[in-house]
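Please look over the structure below before reading the points that follow. They are meant for someone who has not seen it before.

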Amino acid sequence: MANQETSEDMDTFAMKLIKNLQTSPLYSELKFTAKEITCNSITDQSHLKQQIYDGLAKSGWTRKLHNEIFRQLLQRVDVRSKDVTSEHIKEPLAYIRRAQSSWEKRILKSLNSMCTELSVPLARKRPIPEQKEIRGAWNELSVEEPDLSAFRPVYGPKDFLDMLTLLKNPNLSTDQMTNFWSLLQLPIPVKSLTQLRKDFPELNPRWSQVGVDDNADGHSELFDARRVRLGQRVVAADNIALTQQYARRGIPPSLRAEMWLQIVGLRITDASTFMLK
């Protein structure tokens, strides 16, 4: 019975995936490429279908479709813990939403006030000269350090902590709250150190990390050079799963722009326009 339900779920997901692909810009590009291959074909009609398949594979469409399916699978995964019961899922979180709304209004007010003082617009379309300048120096944007001394923090850490300490679940009695040792009075499950080590094995001290070990004494230059060489091979592979795995130990600054475009599934068509791959 369970296998039958799983099969039905996969069939439903496959149909949804096909529908999403057919309404995406990727599908239009795929059709256009297939038409080009058809127009340039010199074989008879009986071999045309296979030639289109071969042409799409040679032009990199196999990798593009694999990446898109991988993104869809990531969206399908249920990130909730298996230990969470249906009763916990049904728990009303109106008090959390009220606190969130109040906090967002507070941040927005602070942000608007700062922008008004500095005469900085929150959103505007870049003029043509600025677009050309950004397009010409796109790969260097991640390492630039603009002067942000005039900007102040939108909120302080203590303000955020004070807001969190005021949150209390109205469904918990005072006796139940006495078991919490921290300032936060919320029944949030916290993973143990053993569980964290299991969930984040890449953070083990025996594995070097970009941003930590490349600044340390000793073999920092060798480590940095090896990570860059490996990262260049990962970028050339253009595989989302591989790029995500590489990013778990940090991305060198020179490769961050290209890798993050791969991870989020974007490609640059203009300095101010992005499209899904």
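**Notes on side-chain contacts**

1. Being 4 residues apart in helix H8, lysine 158 and aspartate 162 are separated by about one helical turn. Helices are DSSP runs (H or I, at least four residues), as strands are (E, at least two), and they are numbered from the N terminus. The two residues form a salt bridge, with their closest N and O atoms 3.2 Å apart. A salt bridge here is a side-chain nitrogen of Lys or Arg within 4 Å of a carboxyl oxygen of Asp or Glu. Lysine 158 is exposed at 58% relative accessible area, whereas aspartate 162 is partly exposed at 32%. Buried means under 20% relative accessible area, exposed over 50%, and partly exposed in between (1.4 Å probe, protein chains only).

2. On the basis of the values: this is a predicted model, in which local features need pLDDT of at least 70 and side-chain atom pairs count only at pLDDT 80 or more, while totals for chains, interfaces and linings use all residues. Residues are numbered from 1 along each chain as its sequence is written, and side-chain values use heavy atoms, with hydrogens and water left out.

3. How many salt bridges does the structure hold? The count is 9. One of them joins aspartate 159 to arginine 106, with the closest N and O atoms 3.7 Å apart. Aspartate 159 is in helix H8 (residues 157-165) and arginine 106 is in helix H6 (residues 94-118), so this pair ties together parts 53 residues apart in sequence. Both ends have some exposure to report: aspartate 159 is partly exposed at 29% relative accessibility, and arginine 106 is partly exposed at 46%.

4. Another salt bridge runs between arginine 248 and glutamate 202, whose closest N and O atoms are 3.0 Å apart. Arginine 248 lies in the loop between helix H12 (240-247) and helix H13 (256-264), and glutamate 202 in the loop between helix H10 (193-199) and helix H11 (220-237), so the pair ties together parts that are 46 residues apart in sequence. Arginine 248 is partly exposed, at 47% relative accessible area, whereas glutamate 202 is buried, at 13%. Elsewhere, Arg124, Arg126 and Glu130 are joined into one network by salt bridges that share partners.

5. Which residues make up the largest nonpolar core? There are 10 residues in all: Phe13, Leu17, Leu21, Leu26, Leu30, Ala34, Ile37, Ile52, Leu56 and Trp61. Helix H1 (2-22), helix H2 (25-39) and helix H3 (48-58) are the elements that give two or more residues to this core. H2 supplies the largest share, 4 residues. A nonpolar core is a set of buried Ala, Val, Leu, Ile, Met, Phe, Trp, Tyr and Cys residues joined through side-chain atoms within 4.5 Å. In soluble globular proteins, nonpolar side chains tend to be buried together.

6. The structure holds 3 aromatic pairs. Among them is the pair of tryptophan 103 and phenylalanine 160, which is tilted, at 5.4 Å centre to centre and 50° between the planes. Tryptophan 103 belongs to helix H6 and phenylalanine 160 to helix H8, so the pair ties together parts 57 residues apart in sequence. Tryptophan 103 is buried at 10% relative accessibility, while phenylalanine 160 is partly exposed at 31%. Tyrosine 155 and phenylalanine 160 have ring centres 5.9 Å apart and planes at 45°, so this pair is tilted. Ring pairs thus link Trp103, Tyr155 and Phe160 into a cluster. Rings of Phe, Tyr and Trp (its six-membered ring) pair if their centres lie within 6.5 Å; planes under 30 degrees apart count as stacked, over 60 as edge-to-face and the rest as tilted.

7. Two charged groups sit over rings. The charged end of lysine 64 is over the ring of tryptophan 61, 4.6 Å from its centre, and that of arginine 227 is over the ring of tyrosine 246, 4.0 Å from its centre. The rule asks for NZ of Lys or CZ of Arg within 6 Å of the ring centre and within 35 degrees of the ring normal.

8. The disulfide count is 0, taking a disulfide as a pair of cysteine sulfur atoms within 2.5 Å. Cysteine 39 is exposed at 65% relative accessible area, whereas cysteine 115 is buried at 11%.
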